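Thanks, everyone. I will take one model today, beginning with a single helix and working outwards.

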Amino acid sequence: MQLLNKQECQVIAYLADGLTHEQIGKKLEWSELTVESRLEEMMRKLNMSHSYQLISWAYLEGVLK
């Protein structure tokens with residue numbers, strides 16, 4: 001079972017590259033609020049409390065290289 005879809009992984013990759021929520025939103029043609037909501041949803045799904053944990057998880061799981 002895949003925990004995150006391709007688009008969610010892309011959001012984490014942008015975050016790992018140092019992009020702000022606003023910059024990520026522009027790249028994906030989303031609002032900043034949508035980016036924040038999606039990050040919160042991913043953190044909830046993976047039982048995490050901070051977006052930096054998503055980045056660490058993604059590296060450990062091989063989602064980011």
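Start with the buried residues of α4, which are Ser51, Leu54, Ile55, Trp57 and Ala58. They cover an arc of only 165 degrees around the axis, which puts them on the same side of α4. For the background, an α-helix has 3.6 residues a turn, so residues three or four places apart point the same way. I should say that this is a predicted model, so please keep that in mind throughout.

What sits on the other face of α4? The face turned away from the buried side carries the exposed residues Tyr52 and Leu60. As for what covers the buried residues of α4, the cover includes α1, residues 6-16, and α3, residues 32-45. After α4 comes Gly62, with a positive phi, near 80 degrees.

Now one residue from that list, Ser51. Ser51 belongs to α4, which spans residues 51-60. Is Ser51 buried or exposed? Its relative accessibility is 15%, and because the cut-off for buried is under 20%, Ser51 counts as buried. If we leave aside neighbours within four places in sequence, Ser51 is in contact with Leu15 and Met43.

Next, the core. The largest nonpolar core has 22 residues. Those with the most contacts inside it are Leu4, Val11, Ile12, Ile24, Leu39, Met42 and Leu54. Each of α1, α2, α3 and α4 supplies at least two residues of this core. Which helix gives the largest share? That is α1, with 6 residues. Leu54 therefore appears twice in this talk, as a buried residue of α4 and as one of the residues with the most contacts in the core.

Leu4 is also on that list of residues with the most contacts. Again leaving aside neighbours within four places in sequence, Leu4 is in contact with Cys9, Ile12, Met42, Lys45, Leu46 and Trp57. Of these, Trp57 is one of the buried residues of α4.

Last, a helix pair. Two packed helices are described by the angle between their axes and the distance between the axes. For α2, residues 21-28, and α3, the axes come within 8 Å and cross at roughly 105 degrees. The two helices are therefore roughly perpendicular to each other. By class, the contact of α2 with α3 has 3 nonpolar, 2 polar and 3 charged residues. On the α2 side these are His21, Glu22, Ile24 and Gly25, and they meet Glu32, Val35, Glu36 and Leu39 in α3. Ile24 and Leu39 were also named among the residues with the most contacts in the core.

That is what I have; questions are welcome.

Methods: Residues are numbered from 1 along each chain as its sequence is written. This is a predicted model: local features need pLDDT of at least 70, side-chain atom pairs count only at pLDDT 80 or more; totals for chains, interfaces and linings use all residues. Side-chain values use heavy atoms; hydrogens and water are left out. Helices (H or I, at least four residues) and strands (E, at least two) are DSSP runs, numbered from the N terminus. Buried means under 20% relative accessible area, exposed over 50%, partly exposed in between (1.4 Å probe, protein chains only). Contact means heavy atoms within 4.5 Å. The arc is that of the directions from the helix axis to the C-beta atoms. Axes are lines fitted to C-alpha atoms, for helices over the stretch in contact, and angles run from 0 to 180 degrees between N-to-C directions. Angles under 35 degrees count as roughly parallel, over 145 as roughly antiparallel, 65 to 115 as roughly perpendicular and the rest as oblique. Ala, Val, Leu, Ile, Met, Phe, Trp, Tyr, Cys and Pro count as nonpolar, Asp, Glu, Lys and Arg as charged, and the others, Gly among them, as polar. A nonpolar core is a set of buried Ala, Val, Leu, Ile, Met, Phe, Trp, Tyr and Cys residues joined through side-chain atoms within 4.5 Å.
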